[in-house]
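Take a moment with the model below. We will start from a single residue and work outwards.

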Amino acid sequence: MNGFLVRVAVAAAAMMLCSTSMTAQANPYTANAELSPASKAAHVHITQGPALELASSNSAIIRWTSNNPGGTDEHFGVVTYGTDPKNLNEIAKSHIRLNRNHPYTIFRVRVDGLQPRTTYYYTVDSMEGNGARDGVKSPIRHFTTR
């Protein structure tokens with residue numbers, strides 16, 4: 001019986017040592033391990049869109065693709081809009097996290113609080129989490145709600 005107890009004790013000690021050393025290892029994917037900003041792209045440009053993806057009587061979704069802007073992983077798609085193309089004074093933003101391994105980024109921004117059967121004009125841009133714009137402002141486009 002003593003030999004059996006010794007084997008159980010050795011196995012338990014080995015399991016404790018193994019689990020302790022594994023939990024002590026740093027996990028690079030935890031929220032506390034923030035990566036430094038990636039190099040910013042020399043020139044950010046829209047490769048597709050912007051375009052209306054969906055419109056209802058009181059909301060719309062605008063979508064566009066750009067080359068990966070770099071900078072902070074935390075980014076926002078930004079739509080500046082209004083009913084007068086010379087006075088785009090409303091802003092809608094949607095949060096996104098950049099994927100450093102992708103050469104492009106797809107932005108989708110939901111615009112809420114719109115009026116039915118109304119034409120809206122808009123431009124798009126993107127910005128880092130710190131508020132720095134990427135400088136990818138699009139030409140003015142428009143859509144009409146239902």
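In which strand is Gly82 found? This is a predicted model, and in it Gly82 belongs to strand E3, residues 74–82. Is Gly82 buried or exposed? Its relative accessibility is 4%. The cut-off for buried is under 20%, so Gly82 counts as buried.

Now look at what surrounds it. Leaving out residues up to four places away in sequence, Gly82 touches Asn87, Leu88, Thr119, Tyr120 and Tyr121. Leu114 is 32 residues from Gly82 in sequence, and their C-alpha atoms are 9.6 Å apart.

Tyr81 is also worth a look. Neighbours within four places aside, Tyr81 has contacts that include Leu88, Asn89, Glu90, Ile91 and Ala92. Its list also holds Val111, Asp112 and Leu114, along with Tyr120, Tyr121 and Tyr122.

Tyr81 leads into the largest nonpolar core. That core has 16 residues, and Ile62, Val79, Tyr81 and Val111 touch the most other members. Which strands supply at least two residues each to this core? They are E2, E3, E4 (90–97), E5 and E6.

Step back to the whole chain. The protein has one helix and seven strands. Along the sequence the pattern reads α-β-β-β-β-β-β-β. Of the 146 residues, 33% are buried. The exposed area is about 9500 Å², with 55% of it from carbon and sulfur atoms. Among contacts with a separation of 6 or more, 62% join residues 24 or more positions apart.

Next, the pairing of strands. Strands of a sheet pair through backbone hydrogen bonds, in a parallel or an antiparallel sense. Here, E3 pairs with E6 in the antiparallel sense, over eight bridges. To find the register, place Gly77 opposite Ser126 in E6. E6 also pairs with strand E7 (residues 141–144), again antiparallel, over four bridges. In that pairing Tyr121 stands opposite His142 of E7.

Why is E6 described as largely enclosed by the rest of the structure? Strand E6 spans residues 119–128, and eight of its ten residues are buried, so the description follows.

Turn to the open sheet. It has three strands in the order E1-E2-E5, and the pairing is antiparallel. E1 (46–55) and E5 are the edge strands, each pairing on one side only. Neighbouring strands of this sheet are turned by 15° against each other on average, with direction ignored.

The bridges give the detail. E1 and E2 pair over six bridges, and Gln48 stands opposite Thr65 in E2. Strand E2 (residues 59–67) pairs with E5 over nine bridges. There, Ile61 stands opposite Arg110 in E5.

How do the side chains of E5 (residues 104–112) point? They alternate. Thr105, Phe107, Val109 and Val111 point to one face and are buried. Tyr104, Ile106, Arg108, Arg110 and Asp112 point to the other face and are not buried. Two residues from this strand have appeared before. Val111, on the buried face, is one of the core residues that touch the most other members. Arg110, on the other face, is the residue opposite Ile61.

Finally, return to the starting point. Gly82 lies in E3, and E3 pairs with E6. Thr119, Tyr120 and Tyr121 are among the residues that Gly82 touches, and E6 covers residues 119–128.

How values were computed. Residues are numbered from 1 along each chain as its sequence is written. This is a predicted model: local features need pLDDT of at least 70, side-chain atom pairs count only at pLDDT 80 or more; totals for chains, interfaces and linings use all residues. Side-chain values use heavy atoms; hydrogens and water are left out. Buried means under 20% relative accessible area, exposed over 50%, partly exposed in between (1.4 Å probe, protein chains only). Contact means heavy atoms within 4.5 Å. Accessible areas come from the Shrake-Rupley method with a 1.4 Å probe; for residues, only the protein chains shown count as cover. Two strands pair if DSSP finds at least two bridges between them. A nonpolar core is a set of buried Ala, Val, Leu, Ile, Met, Phe, Trp, Tyr and Cys residues joined through side-chain atoms within 4.5 Å. Axes are lines fitted to C-alpha atoms, for helices over the stretch in contact, and angles run from 0 to 180 degrees between N-to-C directions.
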